[in-house]
Amino acid sequence: MASLNLGSLVQSYSIFNQASRSRSSPLPGYFLFTPSKNLSSSIPPKRCFTSLPSISSVLTKEDAVEEEEQGPRTPIFDFKSYMVHKANSVNQAMESAVSLRDPVKIHEAMRYSLLAGGKRVRPLLCLAACDLVGGQESMAVPAACAVEMIHTMSLIHDDLPCMDNDDLRRGKPTNHKVFGEDIAVLAGDALLAFSFEHIAVATVGVSPGRIVRAIGELAKSIGAEGLVAGQVVDITSEGLTYVGSDHLEFIHVHKTAALLEAAAVLGAILGGGCDEDVGKLRKFARNIGLLFQVVDDILDVTKSSKELGKTAGKDLVADKVTYPRLMGIDKSREFAEKLKNDALEMLQGFDPVKSAPLIALANYITYRQN
């Protein structure tokens with residue numbers, strides 16, 4: 001595929017009947033029935049994943065889905081409804097966990113950024129991974145919230161004048177613009193500390209050993225071997241005359257992919273997954289984490305600040321090395337497609353119905369508009 005249509009949004013995916021699925025098993029509420037369709041002319045497959053359900057991506061800027069009747073009705077996974085439902089669940093849980101209490105100022109600052117919206121991709125990944133390995137959503141909700149708290153912390157700190165010096169985040173003034181730099185730093189610190197407390201105290205129905213293992217995974221993903229490592233190398237790479245692909249991949253595997261990887265791994269661990277399942281989900285998430293950054297780099301130079309909800313073109317101004325700068329827009333889009341396919345390969349062998357949200361998530365990240 002020469003290029004990806006990043007101006008389109010993946011809204012739903014056809015999940016065709018699998019022989020391994022029992023006829024008596026009820027489909028989740030996110031599955032609707034619609035005539036099957038052939039979209040192979042618009043998205044030629046690069047690989048055949050024989051163990052995965054057949055996927056047809058419906059790409060559209062509108063909510064309407066153009067259907068072409070070609071045989072029996074087949075179930076459709078409504079990813080948009082799934083995302084909204086999971087985001088609402090996580091938002092409610094975070095609203096309750098980080099309530100407005102004394103000292104009021106710090107909790108206002110924490111809530112301002114934490115509850116400012118966002119796609120909630122990391123919590124969704126955590127919950128979907130838990131479900132995939134046979135766990136209950138309640139087992140992973142505290143971890144899903146914790147991952148989003150840490151992600152929010154990283155955004156607050158990223159936006160500071162000493163870092164990226166940004167004025168806009170999620171369509172709103174950045175935290176330090178509203179509360180001042182001192183409170184913004186402390187709000188990030190408080191969210192980071194509380195994230196671990198929340199997993200330890202609020203997780204129910206999971207053995208202590210798995211909770212400790214999950215906390216260890218999360219800590220490693222954001223420390224000097226994870227997110228911080230990526231941030232440091234990113235900062236020290238600004239202005240360099242040459243940065244190779246390996247160098248750039250190190251930055252983003254640590255800066256962006258590490259937390260997405262942690263989200264999936266936490267969900268798998270807390271849901272009771274075996275080591276093999278945890279390993280597959282780790283690789284899946286690492287690929288979509290790097291994919292997320294590649295697409296982010298492309299959007300940064302192809303979309304406006306209004307479309308993104310944050311400052312566009314800031315990497316170019318900061319003289320940062322990005323994938324479009326290193327390999328061009330078309331090659332970056334081809335790389336994004338490869339990362340998506342590598343991620344989907346890791347889902348072979350899992351239940352096709354339960355893997356549907358993760359398949360849809362990989363496509364959503366590839367084709368997102370902001």
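1. Let's start with one residue: aspartate 234 counts as buried, at 7% relative accessibility. Buried here means under 20% relative accessible area, with exposed over 50% and partly exposed in between (1.4 Å probe, protein chains only). Aspartate 234 sits in helix α8, residues 227-236. Leaving out residues up to four places away in sequence, aspartate 234 touches Ile251, Lys255 and Lys320; a contact means heavy atoms within 4.5 Å.

2. Before going on, a word on what you're looking at. This is a predicted model, where local features need pLDDT of at least 70, side-chain atom pairs count only at pLDDT 80 or more, and totals for chains, interfaces and linings use all residues. Residues are numbered from 1 along each chain as its sequence is written, and side-chain values use heavy atoms, with hydrogens and water left out.

3. Now the overall picture. The protein chain has 15 helices and six strands, taken as DSSP runs numbered from the N terminus (helices H or I, at least four residues; strands E, at least two). Of its 370 residues, 54% are buried. Take the contacts between residues at least 6 apart in sequence: 79% of them join residues at least 24 apart. About 16,000 Å² of the chain is exposed, and carbon and sulfur atoms supply 53% of that; the areas come from the Shrake-Rupley method with a 1.4 Å probe, and for residues only the protein chains shown count as cover.

4. Next, the empty space inside. There are two cavities of 30 Å³ or more. A cavity is a set of points on a 1 Å grid over the protein atoms alone where a 1.4 Å probe fits but cannot get out, and lining residues have an atom within 4 Å of a point. Grid points are joined across faces, edges and corners, and a volume is the space filled by probe spheres set on the points.

5. The largest cavity holds about 100 Å³ of space. Its lining counts 13 residues, with Ser113, Ala116, Arg169, Arg170 and Asn175 nearest the centre. The elements giving two or more residues to this lining are α2 (104-114), α4 (137-158) and β6 (172-173), and α4 has the largest share, three residues. By class, the lining has five nonpolar, four polar and four charged residues. For those classes, Ala, Val, Leu, Ile, Met, Phe, Trp, Tyr, Cys and Pro are nonpolar, Asp, Glu, Lys and Arg are charged, and the others, Gly among them, are polar.

6. Helix α2 deserves its own point. It is mostly covered, with eight of its 11 residues buried. Among them are Ser113, Tyr112 and His107. The buried residues of α2 pack against α1 (79-97), α4, β6, α5 (175-179) and α6 (181-202).

7. Back to aspartate 234, which helps line the second largest cavity together with Ser237, Glu238, Val243, Leu248, Ile251, Lys320 and Val321. That cavity holds about 40 Å³ of space. Its lining has four nonpolar, one polar and three charged residues.

8. Last, the cysteines. How many disulfides does the structure hold? Zero, where a disulfide is a pair of cysteine sulfur atoms within 2.5 Å. Cysteine 126 is in none, and its nearest cysteine sulfur, that of cysteine 130, is 7.1 Å away. Cysteine 126 is buried, with a relative accessible area of 0%. Cysteine 130 likewise counts as buried, at 0% relative accessibility.

Definitions and conventions
On a 1 Å grid over the protein atoms alone, a cavity is a set of points where a 1.4 Å probe fits but cannot get out, and a pocket is an open set with protein on both sides within 12 Å along at least five of seven lines; lining residues have an atom within 4 Å of a point.
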